[in-house]
Amino acid sequence: MKNDEFRTMLFAPPPRVRRAMSAVPHQGCDRAIAAAAGAPEVTPAPADHPRIVLATTILASSLAFIDGSVVNVGLPAIGRSLHADGGVLSWIINGYLLPLSALLLLGGAAGDRFGRRRILVLGVALFALASAWCALAPTATLLVAGRIVQGAGAALLMPNSLAILGTHFQGEARGRAIGIWAAVGAAAGAIGPLLGGWLVDVTGWRAIFFINLPLAAATIVLALRYLRADAPAAGDLRTDDAATGLARAAARPAATLDIAGAATASIGLAALTWGLTVATSGAGLHWQSGLGIVVGVVLMLLFLRVEQRAGDSAILPLSLFHSHSFSGLNLMTFLLYGALGALLLVLPFVLIEYDHYSASEAGAALLPLPVVIALASSTMGRLAGKLGPRLPLTAGPIIVAAGFMLAMRIGGGSYWTTTLPAMLVIAIGMAVAVAPLTTAVLSSVDAAHSGVASGFNSAVARAGGLFTTALLAAVLGAQGAALLDAFHVAALACAVTALASAGCAYRWIAA
């Protein structure tokens, strides 16, 4: 790649692709990671096969992006096939989200220390084995176990698929490659429900896991053939003077892995999630679920103590929270994405079980959300640049709350007069908030911590979905009119949660 003009032509995404970089709400946080990864002006040697390198990282990340949404539309079929109740169905989702939320930062640190290609291949292989396990699972319990392993694999491959781009591309080519990576990942997450619905209708729910196997095999072969074995050492990198400090900080490998912090966070999240799931299912709140909640809270407090003692080696440096804006942004992210995650889980379930949609139709019903966000987010991002982040980050969640109120009309009526208006309003609200949130997170901390801050924000978004899914066991376990009533209560609760996220933005984010 000696010709800069050809490289520019090769990696410049068309305007439609650039707009699609925000196509899935969850990708807003992942774009923050992308922005952080592209920040250092590090000049590695150019990739020998840039298009294949880019395709390899996209294949790897698409495994996680698609699987994060494709299972939702298959839940009714899985429940009938494996005789799973609402609590077990919620764990099929949370089994994936739990390790992904807890281990995302550790996966990036492991790549820094042991080599990004090595950890990427390990993550993809683990993801593939877990997918085969899920596809063949004879019981719901074994399916949940497979989903937990899938989430661990995704936590290894996601941060390293992006970091590899930073070590194989230079200058403007790196920014364009990262842009394409984010855009295709957003598109993959957007088509997940539609693809999953089609597979469930045509071949059954097990196909949504089997389809991962050829993609994973292709990713491993390409990674071993075309990706560099290790990232260049910090001393081998050439940096521009203006970015020397940031580049060295980004290039420096982690001295130690915060295993204690990762383990404490994982076990604490698991205990808290289990307690909430049991408490909101048919069993209700009793001593076992109460004990799970208490143990989870205690372990999360212990996690803060462990991170304080770990200092610079912590997966979550507590110094980040000295910024009130950073704390407020992450609380806002938790609430807003938690409410959105609840909708993306229960809406397809209600459409299939109550309104008798096919799985394909239920997946297609979600398409207005990514389409509207893709069309509107770039404009909203430019507007936020002029107005500052506070106004759009306050207004966006308020609009989302209005959409959740409209969702209380869903059930028994026409898609065009019930579901579609709610989806459009929610999408507009998310489009207002997604781009400013990405910028505000990166601006709330110093440049040396931008990668950790954005990675944590992405983990917080998934943790929001983790906890709301735990609270939805009653909805997933209901039938008939009781299902519709439970869905309407959940929609109202999500509206209140979105309003609370708007309050966080107004209170703690500078204008």
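Start with the whole protein in cartoon view: it holds 22 helices and 2 strands, where helices (H or I, at least four residues) and strands (E, at least two) are DSSP runs numbered from the N terminus. You are looking at a predicted model, in which local features need pLDDT of at least 70, side-chain atom pairs count only at pLDDT 80 or more, and totals for chains, interfaces and linings use all residues. Residues are numbered from 1 along each chain as its sequence is written, and side-chain values use heavy atoms, with hydrogens and water left out.

**Colour by confidence**

Now colour by pLDDT, the predictor's confidence in each residue, from 0 to 100. The mean for the protein is 81, and 83% of its residues reach 70 or more. Select residues 35-42, where pLDDT stays under 50; the model has 24 contacts for them beyond four places in sequence, a contact being heavy atoms within 4.5 Å. Then select residues 231-255, also with pLDDT below 50, where the model shows 27 contacts beyond near neighbours in sequence.

**Surface and interior**

Switch on the surface. Its accessible area is about 19900 Å², and carbon and sulfur atoms account for 66% of that; the areas come from the Shrake-Rupley method with a 1.4 Å probe, and for residues only the protein chains shown count as cover. Of the 511 residues, 57% are buried. Here buried means under 20% relative accessible area, exposed over 50%, and partly exposed in between (1.4 Å probe, protein chains only). Among contacts between residues at least 6 apart in sequence, 85% join residues at least 24 apart.

**The nonpolar cores**

Hide the surface and show side chains. A nonpolar core is a set of buried Ala, Val, Leu, Ile, Met, Phe, Trp, Tyr and Cys residues joined through side-chain atoms within 4.5 Å. The largest one has 129 residues, and Val71, Leu143, Leu393 and Met430 touch the most other members. Helix H15 gives the most to this core, with 17 residues. Apart from it lies another core, of 18 residues, including Leu106, Ile119, Leu257 and Ile315. In soluble globular proteins, nonpolar side chains tend to be buried together.

Centre on Val71. Which residues does valine 71 contact, leaving aside neighbours within four places in sequence? They are Ile78, Ile92, Ile93, Arg147, Ile208 and Phe209.

Move to leucine 75, in helix H5. Leucine 75 is buried because its relative accessibility is 0%. Beyond four places in sequence, leucine 75 touches Leu89, Ile92, Ile93, Leu345 and Phe349. Draw a C-alpha distance from leucine 75 to isoleucine 92: they are 17 residues apart along the chain, and the separation is 8.3 Å.

**Two histidines in loops**

Select histidine 83, in the loop between H5 (75-82) and H6. Histidine 83 is not a glycine, yet its phi is positive, about 55°. Is histidine 83 buried or exposed? It counts as exposed, because its relative accessibility is 72%.

Next select histidine 356, in the loop between H15 and H16 (359-365). Histidine 356 has a positive phi too, about 60°, although it is not a glycine. With a relative accessible area of 65%, histidine 356 is exposed.

**Along H6 and H15**

Follow H6 (residues 86-114) to serine 101, which is buried at 9% relative accessibility. Its side chain reaches the backbone oxygen of leucine 97 at 2.7 Å, a polar contact (a pair of N or O atoms within 3.5 Å; within protein, one must be able to donate a hydrogen and the other to accept it, and residues adjacent in sequence count only if both atoms are side-chain atoms). Farther along the sequence, serine 101 touches Ala459, Arg462 and Ala463.

In H15, pick tyrosine 337, buried with a relative accessible area of 1%. Its C-alpha is 8.7 Å from that of alanine 498, which is 161 residues away in sequence.

**Last stop: H18**

Select residues 390-407, helix H18. Its 18 residues should span 26 Å, and the end C-alpha atoms are indeed 26 Å apart; the expected span is 1.5 Å times one less than the number of residues. Buried residues in H18 include Pro392, Leu393, Gly396 and Phe404. Their cover includes helices H15 (324-353), H17 (368-387), H19 (419-443) and H22 (480-508).

Finish at threonine 418, in the loop between H18 and H19. Threonine 418 is buried, at 7% relative accessible area, and its side chain reaches the backbone oxygen of serine 414 at 2.6 Å.
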